[in-house]
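The exercises below concern a single protein chain and move from its open and enclosed spaces to its sheet and its overall dimensions. Work through each task with the model at hand before reading the solution.

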Amino acid sequence: MKRNVRDFSDLIRYYTLKELGRLGYGHYGGALSIVETMAVLYGDEMKYNPENPKDENRDYFVLSKGHAGPSYYATLALSGFFPLEKLNTLNENGTNLPSHPDRQKVEGVDMTTGSLGQGISAAAGIAYYLKTKNKNNRVYCIVGDGELNEGQCWEAFMFIAHHNLNNLVVLIDDNKKQLDGYTKDICNMFDLEKKFDSFGFNPITVEGNNVESIKNGFKLAKEYKDRPTAIILDTVKGAGVEYIENTVSNHHMRLDEEAKTEINKEMKKLHDSLVERGVLND
């Protein structure tokens, strides 16, 4: 489904903020850092059918960093998998939109995720199956930079490279932070391009909050046949909302009155811009 991905990314960011703002807490930082990637995936790159989420010809998406679920849900709702009103139930008792994606509860979710490190293994399994059956479906998986602390990720990367699963694109959300601080201070990943190259991948670094740069990364990924591709998304945690970007501990935020006021101001600017452009009708 092709659409204006810049407008789409602004819509995803707006509805993500609405979801979390209603609660007053949540994983703001990591949900916002992948907004542009979600917009390109569902607005330009992937094959999917919201009227038939299990379409055998669809491409598959796995959000290994499952705590970024709010932006995933906003993307799915805006893509027609379920009504936008359902976003108001995020994390409510009995909700079908839990904190982390659940394939048995959420239309359009291919893999339940949340325990970090496991999503990329599942994506590898999906890609392996598709390749052995000579199917043309592609698989996309977003992994967090902090998630790379998990050894299971690197086991999966070795499996992916060994079997040349070039139908799978690994996307690393390199937003420089994790739960307890800066990634480089907790467990330094050093040079990700060199690391993925040594693991048998074609590594590509793109501006992870720039839709045109991301689109170019996907274009290159389709051209590479000799090895699987790892796209390293150079992102900002909390991207697109200055107050959150400038908050050091923005992995999970519980909003005080100052934070609510500042974030609501930026939401209002985004809302007015979307209305002015004719992208949002309310």
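**Exercise 1.** Determine how much space lies in the largest pocket of this predicted model, and characterise the residues that line the largest pocket.

*Solution.* Begin with the volume, which comes to about 220 Å³ for the largest pocket. Next, turn to the lining, which is made up of 17 residues, those closest to the centre of the pocket being H67, L116, Q178, L179 and H251. Finally, sort the lining by residue class, which gives 3 nonpolar, 7 polar and 7 charged residues.

**Exercise 2.** Carry out the analysis for the second largest pocket, listing the residues that line it.

*Solution.* The volume in this case is about 170 Å³. The lining consists of D145, D174, K176, Y182, T183, K184, N188, M189, F190 and L192, and when these residues of the second largest pocket are classified, they divide into 4 nonpolar, 2 polar and 4 charged.

**Exercise 3.** Establish how many cavities of 30 Å³ or more the structure holds, and describe the lining of the largest cavity.

*Solution.* Rolling a probe the size of a water molecule over the atoms shows where empty space is left. With the threshold set at 30 Å³ or more, the count is 1 cavity, and the space in the largest cavity amounts to about 70 Å³. Its lining is formed by Y42, M46, Y48, N49, N52, P53, R58, D59, F81, G108 and D110, and the classification of the lining yields 5 nonpolar, 3 polar and 3 charged residues.

**Exercise 4.** Work out the strand order of the open sheet, and state which helix packs on the sheet.

*Solution.* Start from the inventory of the chain, which has 11 helices and 9 strands. An open sheet is formed by 5 strands in the order 2-3-4-8-7, with parallel pairing. At the edges, each pairing on one side only, are strand 2 (60-63) and strand 7 (202-207), while the twist from one strand to the next averages 20 degrees. Looking at one pair in detail, strand 7 and strand 8 (residues 229-234) are joined in the parallel sense over 6 bridges, and V206 has L233 in strand 8 as its bridge partner. Helix 9 (residues 211-223) packs on the sheet, where it touches strand 3 (139-144), strand 4 (168-174), strand 7 and strand 8, and its direction makes about 165 degrees with that of strand 7.

**Exercise 5.** Compare the radius of gyration of the chain with that of a compact globule.

*Solution.* For 282 residues, a compact globule would have a radius of gyration near 19 Å, and the 18 Å of the chain agrees with this. To complete the picture, the C-alpha trace spans about 50 × 45 × 35 Å along its principal axes.

Notes:
Residues are numbered from 1 along each chain as its sequence is written. This is a predicted model: local features need pLDDT of at least 70, side-chain atom pairs count only at pLDDT 80 or more; totals for chains, interfaces and linings use all residues. Side-chain values use heavy atoms; hydrogens and water are left out. On a 1 Å grid over the protein atoms alone, a cavity is a set of points where a 1.4 Å probe fits but cannot get out, and a pocket is an open set with protein on both sides within 12 Å along at least five of seven lines; lining residues have an atom within 4 Å of a point. Grid points are joined across faces, edges and corners, and a volume is the space filled by probe spheres set on the points. Ala, Val, Leu, Ile, Met, Phe, Trp, Tyr, Cys and Pro count as nonpolar, Asp, Glu, Lys and Arg as charged, and the others, Gly among them, as polar. Two strands pair if DSSP finds at least two bridges between them. Helices (H or I, at least four residues) and strands (E, at least two) are DSSP runs, numbered from the N terminus. Axes are lines fitted to C-alpha atoms, for helices over the stretch in contact, and angles run from 0 to 180 degrees between N-to-C directions. Contact means heavy atoms within 4.5 Å. The radius of gyration is taken over C-alpha atoms; the globule rule is 2.2 Å times the number of residues to the power 0.38.
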